[in-house]
Amino acid sequence: MKLGDSCPLDGCDGALHRISGAVLAEVAAMPVTLHSPTLPKALLKAPIPTAGERAALVARDRAHLICPICDAYALGAEFENGAPIEDATGRSTTIHEIFDARDAARRG
Ligand SMILES: [Zn+2]
C-alpha cells in the first residue's frame with residue numbers, strides 16, 4: 001500500500017495520507033482508539049496499551065500511512081486544530097480540510 005491508495009478497510013472510502021512519525025507519536029499519546037489498518041499493528045491491538053506505551057511504539061524517524069476517515073477522531077475532527085497530514089500530492093492538510101472538500105464534492 002502506498003500514499004493515495006484507497007483505504008484497505010471494507011466499506012471505507014478514505015484515501016491513505018502520510019503522517020510523520022513525530023505527529024503520529026503525539027496522536028498515539030492521546031487516549032483515543034486508532035483504526036487505520038496501515039498503522040503499526042501494535043497501535044491497534046486490543047487491549048489498547050496505555051497512551052504513553054503506545055507513543056513509545058511509534059517509529060518517529062519515518063512517516064506512516066494513515067486513513068483520515070478511519071482515524072478522523074484521533075486526527076482532531078472534533079477539536080479546533082487537526083493534526084497535520086499530507087495528501088497524495090505532498091500537500092499538508094488536516095481532517096477538517098478533508099471533510100470540507102468531501103462536503104463540497106457532495107453538494108456538487
Ligand atoms: Zn479508512
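Two residues are said to be in contact when their C-beta atoms, placed from the backbone, lie within 7 Å. With that in mind, the reader can follow this predicted model by beginning at a single residue, L65, which is found in strand β2. Leaving aside its neighbours within four places in sequence, L65 is in contact with M1, L3, L16, R18 and T38. Because 19 other C-beta atoms lie within 10 Å of it, L65 counts as partly exposed, the threshold for a buried residue being 20 or more. T50, by comparison, is 15 residues from L65 in sequence, and the two C-alpha atoms are 22 Å apart in space.

From this one residue the view can widen to the whole chain. Its secondary structure comes to 4 helices and 4 strands, and from the N terminus on these elements run β-α-α-α-β-β-β-α. The C-alpha trace spans about 45 × 30 × 25 Å along its principal axes. A compact globule of 108 residues would have a radius of gyration near 13 Å, and the chain, with 13 Å, agrees with this. Of the 108 residues, 27% count as buried. Among the contacts with a separation of 6 or more, 60% are accounted for by residues 24 or more positions apart.

The interior comes next. In soluble globular proteins, nonpolar side chains tend to be buried together. Here the largest nonpolar core has 21 residues, of which L24, V27, A28, C67 and L75 touch the most other members. Helices α1 (21-28) and α4 (95-107) each supply at least two residues of this core, and the largest share, 4 residues, comes from α1.

Helix α1 therefore deserves a closer look, as the contributor of the largest share of the core. The buried residues of α1 are V23, L24, V27 and A28. They cover an arc of only 135 degrees around the axis, which means that they lie on the same side of α1. What do the buried residues of α1 pack against? Their partners are β1, α2 (41-44), α3 and β2 (64-66), the last of these being the strand in which L65 is found.

A28, one of the buried residues of α1, shows such packing in detail. Not counting residues up to four places away in sequence, A28 touches L34, L43, A51, R54, A55 and V58. One of these, A51, has its place in helix α3 (residues 51-57). Is A51 buried or exposed? With 14 C-beta neighbours inside 10 Å, A51 counts as partly exposed. Apart from neighbours within four places in sequence, A51 is in contact with A28, A29, M30 and P31. P84, on the other hand, is 33 residues from A51 in sequence, with 19 Å between the two C-alpha atoms.

Two places towards the ends of the chain complete the tour. S6 lies in the segment before β1 (17-19), and it is exposed, because 12 other C-beta atoms lie within 10 Å of it and 12 or fewer is the limit for that class. Although S6 and L16 are 10 residues apart in sequence, their C-alpha atoms are 6.1 Å apart in space. Further along, helix α4 has 13 residues and reaches 18 Å from its first C-alpha to its last, close to the 18 Å expected at 1.5 Å a residue. Just after α4, G108 takes a positive phi of about 85 degrees.

How values were computed. Residues are numbered from 1 along each chain as its sequence is written. This is a predicted model: local features need pLDDT of at least 70, side-chain atom pairs count only at pLDDT 80 or more; totals for chains, interfaces and linings use all residues. A nonpolar core is a set of buried Ala, Val, Leu, Ile, Met, Phe, Trp, Tyr and Cys residues joined through C-beta atoms within 7 Å. The radius of gyration is taken over C-alpha atoms; the globule rule is 2.2 Å times the number of residues to the power 0.38. The expected span of a helix is 1.5 Å times one less than its number of residues. The arc is that of the directions from the helix axis to the C-beta atoms.
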